[in-house]
Structure formats: structure tokens, C-alpha cells
Amino acid sequence: MEKLLNKLLNYSWITMIAILVITALFFIKMKENTRMETDLDKYMPQNNPAFVYSDKAEEWFGINDGIIVAIENKNGIFNTATLDTLKQLTKRLQKMEEIDKDDVTSLYTADNIVGSEYGMDVKRFFKRVPKLKEKLQELKKNVENNEMIFGRLVSTDETVTVIVAEIKDDVFTQEFYKKILSVAKASNTDNIKIYVAGRPIVEGTMALLGPADMKKMVPIVLLVIFLVLFVMLRSLKGTLITLGVVFFSTIWAFGLMAAVNIPIYAVSTMIPVMLIAIGVADGIHLYTHLHLYINKHPNATKKEATIDLLKNLWKPVVMTSVTTAVGFISLLTSQVYPIKYFGLFTAFGVMTAMVFSLVFLPAGIMIFGLPKPKKNKEKGNKDVAGHSYSKLANNFTTAVIKYKYVSIIGTAAIIVLSIIGMQKVWINSSFLEKFEKDSEIVQTDKFINEHFGGTSSLNLILDADGKKDVFKEPSVLKLVDKMQKDVDNQLQVVGNSFSLADYIDRMNKVLNADKEEFNKIPDSKNMIAQYLLLYEMSGDPENLNKVVTYDYDKLNVTFQLKSDNSKAINSALAIIDSYNEDFKKQGITMNYAGSGYKSLVFTDLILEGQIMSLIISFITIIILLSMMFKSMKIGLIGSVPILVTAFISFGIMGFLGIPLSSTTALLSSIAIGIGIDYAVHFIEQYKNNAAETDDKLKAAQITMAHSGRAISFNAIVVIAGFMVLVFSVFPPNRELGALVSLNMFTSFVGTLSIMLLLLYMSNIYFKKKEK
Amino acid sequence: MKRLQIKSVLVAIIFAIGLSPAVSGQSLTGKQIVDKAYNRATGDDQTSNLTMTLINKSGSQRVRKIKQFQKDFGKVDKRIMFFLTPADVKNTSFMSWSYDDDSKNDDQWIYLPALKKTKRISSDSKSDYFMGSDFTYDDLGDRNLDDDTHKLLREENINGEACYVVESVSKDEDYMYSKTITWIRKDNFVGVKKEFYDEDEELLKILTIKKVEKISGFWIITHSEMKNVQKNHQTSMILSNVQINSGVSASKFTERIMMRGL
């Protein structure tokens, strides 16, 4: 291997050009063949039973996410101007090509089921906007008397009314959103304010905002990394070549993705993040070594220097890259395809970065020459007590070893704290909570939630498994009714619920002279069947298709939630699930549907996969390390920085209340990637130094001055770069920046303190000599 | 405003005009053709068994069997229907009186045996669908000849029958159909096919006449299908045991009879 690498040094130009050409080819492929996948349904494993059922249920009942357009008039909505705005907006939404006419619901389109002494009427609340005072009063009374409308389409304080426009999953685009906003804004007057909210808006905006923000921030991140790297290496050539390694490996990874026709998913934007954090490490270690070598041998030729570089470092570079790649490959165990791809292509990127570090970087040195030796610094350090040239390294090493209990107790304490913090970690599949608290989208959502049942929905599908007419049975509908009331009453977060039972309740009341005591499910199945027939004859039978299947063998119960976060959904699920047994006795199974539920399941799947792969890769890495260093002990010691990093990362998330989401969960991969880099470089150096001395302290100090220095450079560079993201306008990107920086920092501290100490105390590499 | 002249559960335009010879050789205008189709002799009363099958887009069916009586009283058409199946709505009955006078709303009653009460129901729109079917009340009733502008588009053969193809464009812009296109047989002025276009002038529904029988000297359509192509939902109506002018008693159309049942 070493020979091959050395041989390649003679063909530097060829190597360089070959790499550039391939990079260019990948770049072209990337340009012409890359596509973003923004349809969230495509992210989900299509054959997972929960998704399969949900998709079917969405088809049966036409369950779609709704855009909510709210019209507010502080003076009340029952006046000609507001109602006219409502009618016009409803009509305009109905005319949009993205929206099916029948999928728009508002007070203008809704049916009013009214009862009287002699019969029942189903009619529209209004067609022509009422102008006379009496007519407006009558409308107001009709709305107040109809529980199916009051509090659902008109707020109970009568200052807000909503239009709900359901759209298909793949309809949302930036243009469509702008169109809706401009239609809404055009209707704003002094008294009338229009708001736009709903899951499609939130989901769509997020899918667009996240990558857009990244596009803006990444160049700044790269610039900062460039500057800091330049300060650290004090060499423009070195900086450019090191960044070139990262840059090229990213292009190769994305180029390969494009070449095999895999689209870019939201998690794919994490690939460059990983490659930047991990890829610069090799470059920094190589250049640090090179600097030290030149300082020691000022007269060495560039070839001699490069040969020494490869001799000393090819092994740790290969070891770190292979172990890191294995860590990412373990993500293939995930059920979620975007995560599998993320793991696979990051691993590919890591391996190409390795090749570039060992081929491209030396070729660069051969072509562009060595960095200049720094003379002034080390002279002043000549009298320093200790074994390396660096006072700081010597003192730090001595201190770590002297005050070993600080590290040990500190680490133990941190681990304990982290475990406590980890208990608080919660999973969140919320989309809304990814936005700023004071952003318009969150504020609008809050406003609508204050006035109505909720902007998020959860669909419970009751399934009698093909047995017809089960959902005409009074006992079944009574149970549904009871469950709905139970959930409504017990949970603040559930604003209201809606099912076939509400229709039956309403008709039973209306056909019994509007007496409140009849606002319930009647006792006879025939009665229910006859009510339904009556509704079909006088109302819009399409409405029933949204709550029950044609054969009355499946029922859709919709719960309106005021929050889309996982805690809210899970609290509703807990109460609903307590009815599982009761429904089972009736031969009915419970299933869920809808996008809120799907993303909950999806997040769980991601996490499950992530934890699984974390464990697998952790074990694999211990085994690989043990094999590479031919010592089980080293395998365990080397895994300490990873362990510490992972623990602290999750612990801090718990304490700060940062929920695990699809992106934050992936960050644990960084812990592995970086932790392993630091550990391997440090151990390898320590091992080499130990071979040359009997003095453990000396070996440790020299390693600190060399590897420790590279590690701290690496940490500083990446931390500086990712701290830029803390100023992002998009909260998930901020969390990402902070957590990457944190992981870098803890890996760095962990390696140089507790791992160093364990290495020192284990007496490994010194045993024979002591005898 | 509301006028429901239901002369048959089937579309009114399909009633036979009897044996009047086709006005051959002399070309008819669109309006004249439609007029002849609208004003075919219908008989004074009809008794029949109706099987109405609703089929939704996933192929699920709801089948209803109904015994119905109807009688033309001149200024008012009265109809009464009794559900035979499904069992849970058996003996539910429905009665409607529709008036020739445009300004007079239809009267409709329903008797729910489980409730043991007759209830008046009212819907304020002629575009309401009849019992969850794809037929609106309007499709089933007569439409006033002057509500539309009729134009003879062409003449063509359909299923071996020579037909006029007439386009009828609604004069009222708010009407649920912007236009309809009807294929009317030249020999007897019975409709064969009709296309309904929605407010946006897109095809909404297609009515196909499957079977026409001559009963007691009248052309009666005994099997028709209405398909909503936008919703992929369809309704088939089949008549059996059709009796025309059998002397249905005028006293049949009362709330008392609704409650008593067949």
C-alpha cells in the first residue's frame, strides 16, 4: 500500500488531472441529473403496513390535508361585507386548478340540517349574501343552532370563519402558495383580515425553506472554515488542498447519486455536513505532520517529506476512514430509504475523501511544493520542561495525568447527567415546531387554534373487515360517540372530533322537534338506516362518503388537534387506544390514517433505525479497532470518545428540550465519524511514540503536541464553521449547527482527556519494557 | 321557482310520442325536436317496480327496490314510493307533489317507520341528487323548453338508430349544467343518450338508455344508466312490472297511505 502510494508520487500530474477529470464528469452528471424529492410520501417506506393502510384509507374517505383560510372581523362576521368576502374567496379557491371544487368547505358551501315541528330541511346557509338585517340575524341564529358548523366553520365568538380547501399531497408548490396568499391578501380591508394556515402550507414551506436556507448558509460555513483553516495551517496551498478533498468527495458522492438516479431527499443535505466535519480531519492531520517534519528537517525535499508523511499516516487515515464508513453503512439497516441512501453515499464520500487524502493531497504537495517551515515559534520553546516542543501540550498532558480524578470523576458525572438528560429526550415529528415562535406561519396557526378545533388532524379508521352495515348498529355508533366525547373532554389539545355519529345525533335531534335530549344515537338500527336514507334524499350524499364507506363497513373518525407535535398526537392515541378492547368485542379493528399520523410513525421508524445502527456500528467499531491495534483493550479505550460524545449529545438534547427528529437523530452518526477519527489518530501516534521511548509521559506529551494539536485544529475549524449555522433563520438548521459543534467539542475534549488518561493508565505499549 | 315535474323515475324526455308519424322530409329546428321529445304522450298514471343500483368508484353497490305509483292530475304530478329492500328501510315511503306552476315549490314527505312519523322535507335546489343517485330531481323532471337555447348540431346513427343531435344551452348562467347534448331518435323522439356539461363546460355526466319497451302503446324506457364521469359514480335504474293507465286511485297519494304501507 505504502509502496503504491509512493509510486503514485512520480505521476503527480497524471493523478491530479485524472481526479479533476472524474470530478468534472461527476459534476456534469450532478448538474443534469439531480432532482429534489419534496413529496414527503415518497420518503416513507411504501410497504410498511401502517402506511399501506393509511394510504388506502385516504383513498376510501378522500382524506387530504386542508389549507385553512380564516376570515376575521373583530366586529363579528355576520355582516354583508364579511360574508361577501367569504363567498368570493370560496369561489376563487374552487376555481383554482390545484383544488377540486368539491373539496372546498365553508359556511357558503355547507349544508344546514334544520328541524321543525313538521319535518326536516337540508339547505345551504345562504346563496346570495344577505343584505337585510333580519336575514343576517336569521343566518346568525341558524349557525348558532348547528353544532356541526358552530365552532367548526364559525368561531364561537363569531369573529372568525374559515374556508377549508383540501389538496392532494403533491400539489403544493411555492407558486401555488404565493397565489393563495395574494388572493387572500387582496381581500384584506380595514375590518377584515385574512389568514392562511394548515398542514400543506407548513409542510410545503418547510420543504422549501430548509434547503433554501442551507443554500444561503453553506457558502458562509465554507468561507469560515476556509479562513480558520488558513489561520491554523498558515498555508494557502494546504488550506485549498484540504478543502479540495472535502469538496471533491462531496461532488463524487452527489455525482454518483445522480448517476444512479437517486433523488436528493431532505436528509441528503446532511451528506456535505458529514463530509465537511469528517473530511477535513485527514487533511489537518497530514498537514500537521508535514509541518512538524519540515520543522525538524528544514532541508528535506518535498518528495522526502511526502514519503515520510505517507509512511506515518497512511495507516491511521485508512483506519479512520474504514471505521467511519462502516459506521455509516450500518444505516442500511434502516427501513427508510432516504436514510439508507444517506448512509451509503456518506460512506462512499468518506472513502473517496480517504483516497483523495492519500493521493490527491500528496500529488498537490508534489506539484505545488511544501508549505514554508515556521521558524519563530519553536525556538522560544526550547527550554520548556517536558518532551515536546510545545509548552501547552506538555503542561496540558501533565495536568491531565496529575489530576486524573478530575477527568475520571468528571466523565462519570457527565455520563450520569447525560443519562438523566436522555430520559427527557422526546421524539417530535411536528413540522410546525420547526419554525420560529414568532414567525407568521406559527402565529397564524396559533390564532386559528384559539378560535377553532385545531389545524392538525388525526384520522381513526374503524374497520369491520368487510362486514356490511356494522356502522349502522346503535351499539357501535354509541361507542364511537362515547369515545369521541371522552377524547374531546379529556384532552385540551383535541379541539373537536367528527364522525358519522355527529350526523346521526344531529338528525335524531332535528327530527324530534329539536329537543336537546334527542341529541344522541337512537336505539334502533332501522332508525339509523332510515335517517341515513333521509339524509341521502335531502342532503348531499357526498358528505357521508367522507365519514363512512359505501357498505358501512369502515368508519372514519376525525380528531382536530391544536398541535401537530408527537406528544399531542400520542396523548390522543393513548385515550383512543383504550377503546381497542371494546371495539374488538364488536369485531372492529382500529387503524389510523392521515399525514400527521404517518409522520409520527415515520419519525419512530427513523429513530428505531438510527438507534439500531448506532449500536451495530458501535460494536463493529470496537471489533475493528481491536483488530487494527491487535488489542481488545485498545478497542474499548478507542470507543470511549464516541461513547462520551453520543451520551453528551443526547443528554444535552434532553436538557435543552431539543426533540429528536429525522435530522437531529442522524447527528449521532457524526459522533461516530469524528470520535473514531480522533481516537485512531491519537492512539496510532501514541503507539509510534511509545516504541521510541520508555517514558510514558514523554510519549503522551509528544502525542499531544502532534496528534493533539491536529485534533484541536480540526475541532476549532469545524466548530467555527458550523457555529455559522446558529445564525440561520431556520430553527432546525440552527439546532444542526449547535449540535455538530457540540459533538466536535466533546469528541475533542473526550479524546484528549479521558481517553489519554485511560491510554496512559492502561500501560499498553509499555508493558514489555517495564519488565 | 321550484318545479318538479316527475312523470317517471326515468327521464321525461324519453316518453314516447305514440305513433305520430315522423315529420319526414321537412327539416326540424333544434327547438322543435326537443319540444317533441318533451311533449310525448305519457299516459295518465304508471305503476312499476324500480330497482335502483348505485355504484361508487371502487365498485361497491347499494341496491334499492322500490314499488312506485304516479299519476298526472293536470296541474300537479303526484308520486308515491315504498321501499321494499334493504330490510332496514323497508316500508319507508316517499311522496312528492310537483306543480306545473313554476312559482310553487314541490311538496315532499317522507315516512320513517322506525320513527312512526311522516315528515315534510324540503330541499331548496333542483340540482339536488335524487336519493343519492346520479340523477338530479331536475334530470328526472321536465325542463321548460324555453329555459334553454336549442340547436340541432347534426344527424347521426347511434346503435343503428337514426338520431338528431341537439345541443341545449342554459339561458340561466347559474344553472348547474352549462349545456347538454341529447341524441333523440328520429322515429319516435325517444332519447338515446345525453351528455351533461358542468358550469365550467366540462363533461360531467352521461346518460345512456339501455332498453326501451312499448307498453300499452307507449314507449317506456325500462333500463337507463347515468354515469358521473368526474366522480366515477354511476346509477342504474331498471323498471319492471310496468303498468300504464291502470287507473291508480287519486286517494293513493296521501300521508295516511304512506303510513299504512303497501
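Two residues are in contact if their C-beta atoms, placed from the backbone, lie within 7 Å, and the legends below use the word in that sense for a model that is predicted.

**View 1. Helices H16 and H17 of chain A pack against each other.** Two packed helices are described by the angle between their axes and the distance between the axes. Here helix H16 (residues 474–490) and helix H17 (residues 500–510) of chain A pack at an angle of about 105°, and their axes are 9 Å apart. That angle makes H16(A) roughly perpendicular to H17(A), because angles of 65 to 115 degrees count as roughly perpendicular. On the side of H16(A), the residues that meet the partner helix are A:Leu477, A:Val480, A:Asp481 and A:Gln484, while H17(A) brings A:Leu500, A:Ala501, A:Ile504 and A:Asp505. Sorted by class, this contact holds five nonpolar residues, one polar residue and two charged residues.

**View 2. An open sheet of four strands in chain A.** The strands of this sheet follow the order E2-E5-E1-E6, and their pairing is antiparallel. Strand E2 (104–105) and strand E6 (192–197) of chain A are the edge strands, each of which pairs on one side only. Within the sheet, strand E1 (residues 65–73) and strand E5 (residues 160–167) of chain A run antiparallel and are joined by eight bridges. As an example of how residues face one another across the two strands, A:Ile68 stands opposite A:Val164 in E5(A). Helix H6 (residues 174–186) of chain A packs on the sheet, where it touches E1 and E6 of chain A, and the direction of H6 makes about 165° with that of E6(A). A further helix, H15 (residues 440–451) of chain A, lies across E1, E5 and E6 of chain A and runs at about 105° to E6(A).

**View 3. The side of chain A that touches chain B.** In this view, 23 residues of chain A are in contact with 20 residues of chain B. Two elements of chain A, strand E4 (119–124) and helix H18 (525–538), give two or more residues to the side that touches chain B. Of the elements in chain A, H18(A) gives the most to this side, with ten residues. When the residues of this side of chain A are divided by class, eleven are nonpolar, five are polar and seven are charged.

**View 4. Two residues of chain A with a positive phi.** Most residues other than glycine have a negative phi, and most peptide bonds are trans. A:Asn261 has a positive phi of about 65° although it is not a glycine, and its place is in the loop between helix H8 (236–259) and helix H9 (270–296) of chain A. A:Asn261 is exposed, because 9 other C-beta atoms lie within 10 Å and a residue counts as exposed if that number is 12 or fewer. A:Asp465 likewise is not a glycine and has a positive phi, here of about 55°. A:Asp465 is found in the loop between strand E7 (456–463) and H16 of chain A, and A:Asp465 is exposed, with 10 other C-beta atoms within 10 Å.

**View 5. A cis peptide bond in chain B.** The peptide bond that leads from B:Thr85 to B:Pro86 is cis, with an omega near -5°. B:Pro86 lies in the loop between strand E3 (76–85) and strand E4 (93–99) of chain B.

**View 6. The surroundings of B:Asn241 in strand E13 of chain B.** Strand E13 of chain B spans residues 233–244 and includes B:Asn241. B:Asn241 is exposed, with 9 other C-beta atoms within 10 Å. If its neighbours within four places in sequence are left aside, B:Asn241 is in contact with B:Ser48 and B:Asn49. The C-alpha atoms of B:Asn241 and B:Lys67 are separated by 9.7 Å, while the two residues are 174 residues apart along the chain.

**View 7. Chain A as the setting for the close-ups.** The secondary structure of chain A comes to 28 helices and ten strands, and its C-alpha atoms fill a box of roughly 110 × 50 × 45 Å, taken along the principal axes. Chain A has 771 residues, of which buried residues make up 52%. Chain A is divided into domain 1 (2–41 + 205–372 + 392–423 + 600–770), domain 2 (66–197) and domain 3 (454–593), and the C-alpha centres of domain 1 and domain 3 of chain A lie 54 Å apart.

Notes
Residues numbered from 1 in each chain as written. Chains lettered and ligands numbered in written order. Predicted model: local features only at pLDDT ≥ 70, side-chain atom pairs only at ≥ 80, totals over all residues. Axes fitted to C-alpha atoms, helices over the stretch in contact; angles between N-to-C directions. Parallel < 35°, antiparallel > 145°, perpendicular 65-115°, else oblique. Nonpolar A, V, L, I, M, F, W, Y, C, P; charged D, E, K, R; others polar. Buried ≥ 20, exposed ≤ 12 C-beta atoms within 10 Å, placed from the backbone. Pairing = 2+ DSSP bridges. Domains from an automatic or database assignment.
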